[in-house]
Amino acid sequence: MKRKLQNISICFAAAAALAAGGCIHNDLPYPKIPQNILAIVAKGELSPAKIDSTDYTVKLVLDEEVDIQAVQFTQFTYSPGAKCNKNLLEGSWDLSVPMTVELTLYQSYQWMISAEQDIERYFTVAGQIGETVIDAVGRRIIVNVPEKADLSKLEVTSIKLGPRNITSLVPECKEGTVINLSSPMKIDVNAWGRTEDWTIYAQRTEQVVTTSSVDPWSMVVWAYGEGPADATNYFEYCEDGSSTWTRVPDADTTGKDGAFSCCIKHLKPLTKYTVRACSGDNKGNEITVTTQATEVLPDGDFEQWWKNGRIWCPWAEGGTQFWDTGNTGAATLGESNVQPSDYVPAGLTGQSAELKTEFKGIAGIGKLAAGSIYTGSYKKTDGTNGILDFGRPWTVRPTKLRGYYQYTSGEINYSNKEMEYLKGRPDTCSIYIAMTDWTAPYEIRTNPNNRQLFDKNASYVIGYGQLERGTSMDSYEEFEIKLEYRSTSIIPTYIMITCASSKYGDYFTGSSSSVLYVDQLSLDYDY
């Protein structure tokens with residue numbers, strides 16, 4: 001009887017619980033799962049969109065013929081299961097200002113999509129002095145002409161004020177047109193069914209030639225000047241304490257439309273030089289600068305190594321670290337795939353860096369790990385993915401990266417889903433150098449959910465050079481990588497050098513038989 005009463009009590013308790021179900025509150029929080037834009041492609045984009053899953057931003061770079069107020073997308077994918085408040089594949093979208101897109105799954109995530117578009121504009125007249133000032137915001141064009149020029153009869157030598165192929169001008173104006181700039185000239189620039197009102201001004205100047213700016217590096221100096229477009233323009237320089245001026249070779253001087261520049265080579269570090277622009281017999285103002293010092297690339301000979309457990313480290317134990325590898329991540333499932341090697345270039349002794357691409361895993365479960373060595377440090381492992389800090393502080397500007405390398409290229413036999421089309425093709429090694437203006441080391445993340453990789457086209461890159469090879473070599477070869485700078489005046493803050501046995505290692509794609517040897521890396525500061 002007692003057992004029956006217990007059962008009845010349990011039934012009543014269950015019934016009471018069901019009856020009170022509407023009063024029970026679920027205080028468990030919804031899982032927080034960031035919803036990401038995975039891929040986005042716009043018609044007329046100049047480069048792949050930059051997707052930042054940390055800041056929830058997308059940046060597009062559009063060709064100048066694209067109507068930025070009516071952008072069309074051909075691809076738009078995001079995290080499975082999420083809902084999006086806009087269907088970007090339908091219609092067109094105004095990206096003249098940033099656009100917000102909301103992705104929702106449990107929580108909402110606001111993504112900002114913005115676009116950049118550089119429209120090349122130029123305007124010159126015969127005999128003008130210096131470079132034309134084009135104010136795209138104020139829609140003004142200003143040209144300087146000699147004091148005695150007839151402003152009522154100026155011949156246009158070049159003109160482009162809007163997107164190529166789709167722009168018309170009213171009044172019509174083209175190369176060879178003679179215009180009157182005695183007073184400001186109004187001109188309508190028509191494109192995409194819209195009209196912009198521009199004004200062209202001419203002003204006289206007594207100064208024939210001007211030294212605009214001079215940028216000193218370690219063993220070269222860059223100089224910029226303005227002079228008559230139809231004259232012989234050049235530069236001269238002299239070392240501090242000397243009265244002898246040296247003319248810069250014409251081969252090292254370039255010019256267009258009255259603006260000209262040069263690279264003065266083979267100079268001494270930490271030395272004063274005076275530079276001036278010249279036009280015919282006319283001498284411009286003088287600017288005195290001091291060249292920078294040079295810096296030696298630390299541990300570029302890869303002679304210093306020590307082993308921390310299973311992890312080979314490319315610096316002296318207890319010493320200052322400049323380089324690091326992906327060994328910390330690779331060693332979680334095996335041995336280091338970047339190690340010191342006694343195999344060095346002919347005629348040299350010591351050690352080199354051996355970088356192998358290997359599959360790391362157990363019973364076929366794991367990932368491909370490309371051998372890589374870079375300036376920076378391995379930060380931590382995120383599951384089977386790596387988080388790295390790229391770059392080391394550096395404020396002088398090298399012109400070249402030199403060294404030796406030897407590569408064995410295998411057939412790509414591992415890839416992620418994005419790179420499956422590469423399977424069966426020869427693997428490619430990669431060596432590159434970049435000078436950047438970061439304020440801190442740049443965080444690299446290989447996890448597809450929040451991936452952030454180095455972008456050579458990003459605005460933070462001041463100078464860049466690379467070497468890639470997809471064929472095998474029988475012996476070491478010497479290499480030289482010349483850096484191309486987007487600005488000669490911006491002083492870098494970081495140097496980034498990376499060597500990898502598989503170019504697409506960040507995507508876990510490559511050949512498990514690829515091997516890269518590198519040795520004797522050094523920097524040049526002259527051309």
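How many salt bridges does the structure hold? With a salt bridge defined as a side-chain nitrogen of Lys or Arg within 4 Å of a carboxyl oxygen of Asp or Glu, the structure holds 22. The model is predicted, so that local features need pLDDT of at least 70 and side-chain atom pairs count only at pLDDT 80 or more, whereas totals for chains, interfaces and linings use all residues. Residues are numbered from 1 along each chain as its sequence is written, and side-chain values use heavy atoms, with hydrogens and water left out.

One of the salt bridges joins the side chains of R194 and D67, with an N to O distance of 2.9 Å. This pair links distant parts of the chain, 127 residues apart: R194 belongs to strand 15 (residues 194-205), and D67 to the loop between strand 3 (57-61) and strand 4 (73-78). Helices (H or I, at least four residues) and strands (E, at least two) are DSSP runs, numbered from the N terminus. Accessibility is described by relative accessible area, where buried means under 20%, exposed over 50% and partly exposed in between (1.4 Å probe, protein chains only). By these limits R194 is partly exposed at 28%, while D67 is buried at 17%.

A salt bridge is also formed by R140 and D135, whose closest N and O atoms are 3.3 Å apart. R140 is partly exposed, with a relative accessibility of 36%, and D135 is partly exposed at 22%. The side chains of E239 and K268 meet in a further salt bridge, at 3.5 Å from N to O. Because E239 lies in strand 18 (residues 233-239) and K268 in the loop between strand 21 (259-264) and strand 22 (272-279), this pair ties together parts that are 29 residues apart in sequence. Relative accessibility is 29% for E239, which is partly exposed, and 45% for K268, which is likewise partly exposed. In addition, D63, E64, E65, K160 and R164 are linked in a network of salt bridges.

Strand 22, which follows the loop that holds K268, is mostly covered, with seven of its eight residues buried. Two strands are taken to pair if DSSP finds at least two bridges between them. Strand 18 and strand 22 run antiparallel and are joined by seven bridges; F235 has A277 in strand 22 as its bridge partner. Strand 22 also pairs in the antiparallel sense with strand 23 (residues 282-290), over seven bridges, and the bridge partner of S279 is N282 in strand 23. Strands 22 and 23 form a hairpin with two residues between them, and G280 in the turn has a positive phi of about 60°.

A separate description applies to strands 8, 11 and 13, which form an open sheet in the order 8-11-13 with antiparallel pairing. Its edge strands are strand 8 (122-125) and strand 13 (178-179), each of which pairs on one side only. Strand 11 (residues 154-160) pairs with strand 13 over two bridges, and E155 has V178 in strand 13 as its bridge partner.

With a disulfide defined as a pair of cysteine sulfur atoms within 2.5 Å, the count of disulfides is zero. C278 is in no disulfide, the nearest cysteine sulfur being that of C262, 10 Å away. C278 is buried, with a relative accessibility of 0%. C313 is in no disulfide either, and the nearest cysteine sulfur, that of C499, is 17 Å away. At 5% relative accessibility, C313 is buried.
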